Amino acid sequence: MRRPIILALAATCVALSAPALAKDQLVLAIGGEPEQGFDPLLGWGQYGSPLFQSTLLTRGQDLTPQPGLATEWSLSEDRLTWTLTLRTDVRFSDNTPLTAEDVAFTFNAAAEAGGRADLSALESARAIDGNTVELTLKTPRITFIDQLMTLGIVPNAERENGYGDEYGRQPLGSGPYRLVEWQEGEQLIVERNPYFYGPAPVFERLVFLFTDEAATLSAAHAGQVDLAAVPPALAENIPEQMQRVIMNSVDNRGILFPMQPDEGEQAANGAPIGNNVTADLAIRQAVNLALGRETLVDVALNGFGRPAFGPADGLPWSHKDEKLATPNLSRANALLDEAGWVRKEEDGLRYKNGQPARFRLTYPTSDTTRQQLAQVSAEMVRPLGIEMQPTGRHWDEIQREALHQDAIVFGFGSQSPQEVYYLFHSEHAGFGFYNSGYYANEAVDQHLDAAQAAANTEEANQHWQAAQWDGDTGYGVQGDTSWAWMVNLAHVYATNRCLDLGELGVAPHGHGWPVTANLLEWRWTCD
C-alpha cells in the first residue's frame, strides 16, 4: 500500500518552517509526473527545464536561441547542415566528460525512437571532433532549431553508465540537478549536480509532490509546500502565508471539429472518421460566432486568462487580424439560414437533409476546466438550434472511439510554430492528437511547407500567418474555421512569500513544468 503523500514526506518536510532549511530545500507541487520517466528521447523536457539534462541551446525570454552546451552554432547556406561547437568544461553528474559523441548519439537515437522530439528531418548526426558536432538534415526545416533548445543530451550508450532501457528512471545528465529518489505516483527528490558547468542552483534540494488538485491545495494551506500549481477555479483561494504568481501563457483550449463527412471510413485503430454536422462550414462558423469568450474566461477560468482565436495568439507566427467580435448570434443565424439549416418548432433544432444539428462535444473526465468550457459553450450555441452534447470520457476511450468523429475540447500551445505544422498539415491527418479532425487544404499545405523551407524566421512567419489566412483561404476563422478556439489560460501558482521566481516567460501548454524553465534564477529573499 502506498504511503499517504504527507506522511511519505515527513523526513524531508518536517523542518520546512525553519528558515535555515527553507533556503536549502524547496517543496513543489506542480504535477506533471512523466509516465515514461525522465527520458529526453521520449519527450521529457520538451516543456520547461529538462532538470537532469542540458540542451545545446537555451530559449531566451524573447524566444530567441541562446548559448547552452554550444557556444557557437551555424547553418550552411543550403540550410541542411548545422555545425555546433561545444563547451569544453561540461561533465555528466558522474564526473565523466560530455563530448560531441554524446550529442551525436542523442540526436540519432531520438530520431530512431520517434518520441515527442520531432527529428523526422534529421539525416544523421556525427561528431567531427571531441567538441564539434554536425547535424545533417534531409530537407530544410526552419523549426529544427527548436530541437536544439529542447532535446536534453544523454550519455552515449557505448560508454559506462550510458543510455539504456532504464534511463528514464535513472537519468544521468549534465543539468543543474541529479536524481536522488523517485517514488512513482508520490514524489521526486533531486539535489544539486556538483559537476554542473553553469552557476550553482541556489537550492540544494528540490522535492516535487505528485498530488491531485485537492491534495495540492491542502498541502499549501498547511504550509507544507513552497510552490503549488493552482487551477483557475481555485485561484482566489490562496493561503494567507503565500502569494499568487501569474505566468502568462499560450496554453489554449478550443474545440477541434471533425472536418470530413461520415462515409464509413475508419482510422488505423478502427476509430470512425467523420461527422456530417461539423463537416458543414456554416455550423463551424456559427459555433465560433456564438461563443462569448470573455464569459468563458470569467466562468471557466475564474477570470485568469484571455480569449483565444487561434493556436498561437500574440506570437510572431500568428495572424494579427484573426479575431471575431463575439457573441454575434444574428450573424450566426443568418449563416445557418443561408446554408439550408432549417429550425423545427417541435424540438427547436435545425435540420438539413434530415440531419439534426446535433453532435457530441467530448472532453476528458479528469479535467474540470474542460468540462466547464464544454458545458458553458453548449449553452451558448443552443439558441442557434445547435445541440452540442457535453460528453466526458477517459483519454483512452477518446482515442479508441471518439478522436476523429466527435468535436473534442483540446489543449495545445507551443513556443514554436512547429505545432501549427502538426495541427493543420494534411500529412499529419490522424497523427495522434494532432489534426485528428482530418483537416486538409492544399493551399494551407503549401504555405506550411514554404514556412519550413524559408531562409529565415521573418520569411517563415509570413508563410505561417498566410496558412491561417492568406486573403482567400486558411485554417483560421476567416477561412475554413477548422477550430473554435475559446481561451488562453493564465498559469496561476501559490508561492512562499520568500520565494522569488525571477522573470517568468510566456508558458506553453502544461501548467506544471514550464514554470521551471528559469529555475536557475529562483531566489530565497528572507533571512
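In this predicted model, Gln243 has Thr495 of strand 22 as its bridge partner. That pair belongs to a longer match, for strand 12 and strand 22 run antiparallel and are joined by 6 bridges. A helpful reminder here is that strands of a sheet pair through backbone hydrogen bonds, either parallel or antiparallel.

Stepping back from this pair brings the whole sheet into view. It is an open sheet of 7 strands with mixed pairing, and the order across it is 8-9-10-1-11-22-12. Strand 8 and strand 12 (242-247) stand at the edges; each has a single partner strand, so one side of each is left without a neighbour in the sheet. On average, neighbouring strands of this sheet are turned by 20° against each other, with direction ignored.

Strand 11 (residues 227-230) is a good place to see the mixed pairing at work. With strand 1 (residues 25-29) it runs parallel, joined by 2 bridges, and Leu28 has Leu227 as its bridge partner. With strand 22 (residues 491-496) the sense is antiparallel, and 4 bridges join the two strands; here Ala228 is partnered by Ala494. In a regular strand the side chains alternate between the two faces of the sheet. In strand 11 both faces are covered, with Leu227 and Ala229 buried on one side and Ala228 and Val230 buried on the other.

At one edge of the sheet, strand 8 (residues 177-183) pairs with strand 9 (residues 187-192) in the antiparallel sense over 6 bridges. Arg178 and Glu191 of strand 9 are bridge partners within this pairing. The two strands form a hairpin with 3 residues between them, and Gly185 in the turn has a positive phi of about 85°.

Attention now turns to the nonpolar cores. In soluble globular proteins, nonpolar side chains tend to be buried together. The largest nonpolar core here has 64 residues, and Ile283, Val287, Ile386, Met388 and Phe424 have the most contacts inside it. Beyond its neighbours within four places in sequence, Phe424 is in contact with several residues, among them Pro311, Tyr439, Leu448, Trp483 and Trp485. A second, separate core has 37 residues, including Ala70, Leu84, Ala117 and Ala125.

Charged residues add another layer to the picture. Side chains of opposite charge can pair when their charged atoms come close. The model holds 19 salt bridges. In one of them, Asp118 and Arg141 meet with an N to O distance of 3.3 Å. Asp118 sits in the loop between helix 4 (100-113) and strand 6 (122-129), while Arg141 sits in the loop between strand 7 (132-137) and helix 5 (145-150), 23 residues apart. Asp118 counts as buried because its relative accessibility is 10%, and Arg141, at 14%, counts as buried too.

Another salt bridge joins Arg350 and Asp337, whose closest N and O atoms are 2.8 Å apart. Arg350 is in strand 16 (residues 350-352) and Asp337 in helix 9 (residues 329-338), so this pair ties together parts 13 residues apart in sequence. Arg350 has a relative accessibility of 4% and therefore counts as buried.

Salt bridges also link Arg393, Glu397, Arg400 and Glu401 in a network. Within it, the closest N and O atoms of Arg393 and Glu397 are 3.8 Å apart. Arg393 is buried at 12% relative accessibility, whereas Glu397 is partly exposed at 23%.

Technical notes: Residues are numbered from 1 along each chain as its sequence is written. This is a predicted model: local features need pLDDT of at least 70, side-chain atom pairs count only at pLDDT 80 or more; totals for chains, interfaces and linings use all residues. Side-chain values use heavy atoms; hydrogens and water are left out. Two strands pair if DSSP finds at least two bridges between them. Buried means under 20% relative accessible area, exposed over 50%, partly exposed in between (1.4 Å probe, protein chains only). A nonpolar core is a set of buried Ala, Val, Leu, Ile, Met, Phe, Trp, Tyr and Cys residues joined through side-chain atoms within 4.5 Å. Contact means heavy atoms within 4.5 Å. Axes are lines fitted to C-alpha atoms, for helices over the stretch in contact, and angles run from 0 to 180 degrees between N-to-C directions. A salt bridge is a side-chain nitrogen of Lys or Arg within 4 Å of a carboxyl oxygen of Asp or Glu.
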